[in-house]
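Got your viewer open and your selection tool ready? Let's take a walk through this structure together, one selection at a time.

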Amino acid sequence: MKEQLEKLRSEALKALAAADMPAALDALRVRYLGKKGELTAILKQMGGLSAEERPVIGQLANSVRAEIEEKIAEYSQKLGEKALEAKLLAESVDVTLPGAEFPHGSRHPMSIVLDEVKDIFIGMGFTIAEGPEIELAEYNFTRLNTPEGHPARDRQDTFYLSEDDSVLLRTQTSPVQVRVMEKQKPPIRIISPGRVYRKDEVDATHSPMFHQIEGLVVDKGITMADLKGTLNALVRRLYGPDAKTRFRPHHFPFTEPSCEVDVQCFECKGEGCRVCKGEGWIELLGAGMVHPKVLEWCGIDTDVYSGFAFGVGLERITMRRFGISDMRLFFENDVRFLNQF
Ligand code: PHE
């Protein structure tokens, strides 16, 4: 039995030393020291020993058990440390490495120009107003002196949302004039940027969705001179102090008199070229003195107050500003285009 025990000890110690995982140590513990393990099996023969031999073998068996248990404890601690070390090594972060580069976007050219325009007008005492894109025909047309039967209301030109043509996608930002005047007493000085919709085919200068910036001033003694001064200030801030403007008579139902404002072609300085299609001038915006009917329908006394309004296309002024020739570039979101701003 002594030899059996010695053999068990040396075998067990060898096996334990070779174990490379905590689970393997557990299996060896069961194999050697478990209830059905090899040590128990040897000790079952104790019954056949003499009274003198029994304590000697008993002591030896205890010391073999103690030694194996000690080794198991020692190795399991070592394996645990090793595992931790490996884990730390695998998860280690080299804080000296350069950071991963985040591709960061740039501002859309129309956002850049819109912010410039807002800045220019805020500097002149205007505030920013907003209105709904889904609008009542009442506000988009009727209250703007554009009664039923007017060609601008044609189903060919406008996206109606209801069978009776009373709700639509606004075709202009001008209905915001009415919404503001209904709520606010003069003096009024607002601009209102936003999306507008018309049934246009997409090409280099048209899109069924585009952006306008509406402007409205109502106060005592407002005249065409205020309109000209304000719009000249806008154009010079956008295109430089030498930019020349031209005010042409025009017609809008909700302004009287009305005009269109052109800016002299920056390319040919008025000579006529490809950019201005030989005109020497480029059309920029529509404007006029608010029609007295429009003011009165909003409860504004036209004996006391007058006003001017204008509407400018954001795509158009952005194209001029950056020399962009195709409007589709604004909406295609090609990063090669967007990255340039
Ligand atoms: N709403 C007009 C348009 O879309 C522009 C405009 C606005 C004209 C305000 C005069 C005054 O064409």
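## First stop: the ligand shell

The shell around the ligand is made up of 7 polar, 5 nonpolar and 2 charged residues. Keep in mind as you go that this is a predicted model.

Select the ligand and show its surroundings: 14 residues lie around it, and the closest are Gln-172, Ser-174, Arg-198, Gln-212 and Gly-311. Now turn on side chains and look at some polar contacts. Begin with Gln-172, where a side-chain N or O atom sits 2.8 Å from a nitrogen atom of the ligand. Move to Arg-198, which has a side-chain N or O atom 2.9 Å from an oxygen atom of the ligand. Then pick Gln-212, with a polar side-chain atom 2.8 Å from a ligand oxygen atom. If you switch on a surface here, note that the ligand taken alone exposes 320 Å², of which the protein buries 90%.

Next, colour by secondary structure. Which strands each supply at least two residues of the shell? They are strand E5 (209–220), strand E8 (281–290) and strand E9 (305–313). E9 gives the largest share, with 3 residues.

## Second stop: two helix pairs

Select residues 2–18 for helix H1 and residues 22–33 for helix H2. Their axes are 10 Å apart, and the helices pack at an angle of about 170°. H1 and H2 are therefore roughly antiparallel to each other. To see the contact, show Leu-8, Glu-11, Ala-12, Ala-15 and Leu-16 on the H1 side, then Leu-25, Leu-28, Arg-31 and Tyr-32 on the H2 side. By class, this contact has 7 nonpolar and 2 charged residues, and no polar ones.

Now jump to helix H5 (residues 109–123) and helix H10 (residues 314–322), whose axes come within 9 Å and cross at roughly 100°. That angle makes H5 roughly perpendicular to H10. On H5, select Pro-109, Met-110, Ile-112, Val-113, Leu-114, Glu-116 and Val-117; on H10, add Leu-314, Glu-315, Ile-317, Thr-318, Arg-321 and Phe-322. The contact of H5 with H10 divides into 9 nonpolar, 3 charged and 1 polar.

## Last stop: backbone details

Hide the side chains and look along the backbone. Most peptide bonds are trans, and most residues other than glycine have a negative phi. Here are some places to check against that.

- Select Pro-186 and Pro-187: the peptide bond from Pro-186 to Pro-187 is cis, with omega near 5°. Pro-187 belongs to the loop between helix H7 (175–183) and strand E4 (188–197).
- Go on to Glu-256 and Pro-257, where the peptide bond joining them is cis, with omega near -5°. Pro-257 is found in strand E7 (residues 255–264).
- Finish at Asn-145, which is not a glycine yet has a positive phi of about 60°. Look for Asn-145 in the loop between helix H6 (137–140) and strand E3 (167–169).

Note on methods
Residues numbered from 1 in each chain as written. Predicted model: local features only at pLDDT ≥ 70, side-chain atom pairs only at ≥ 80, totals over all residues. Heavy atoms only, no water. Near = heavy atom within 4 Å. Polar contact = N/O pair within 3.5 Å; in protein donor to acceptor, adjacent residues only side chain to side chain. Areas by Shrake-Rupley, 256 points an atom, 1.4 Å probe, with all protein chains shown as cover. Helix = DSSP H or I, 4+ residues; strand = E, 2+ residues; numbered from the N terminus. Nonpolar A, V, L, I, M, F, W, Y, C, P; charged D, E, K, R; others polar. Axes fitted to C-alpha atoms, helices over the stretch in contact; angles between N-to-C directions. Parallel < 35°, antiparallel > 145°, perpendicular 65-115°, else oblique. Contact = heavy atoms within 4.5 Å.
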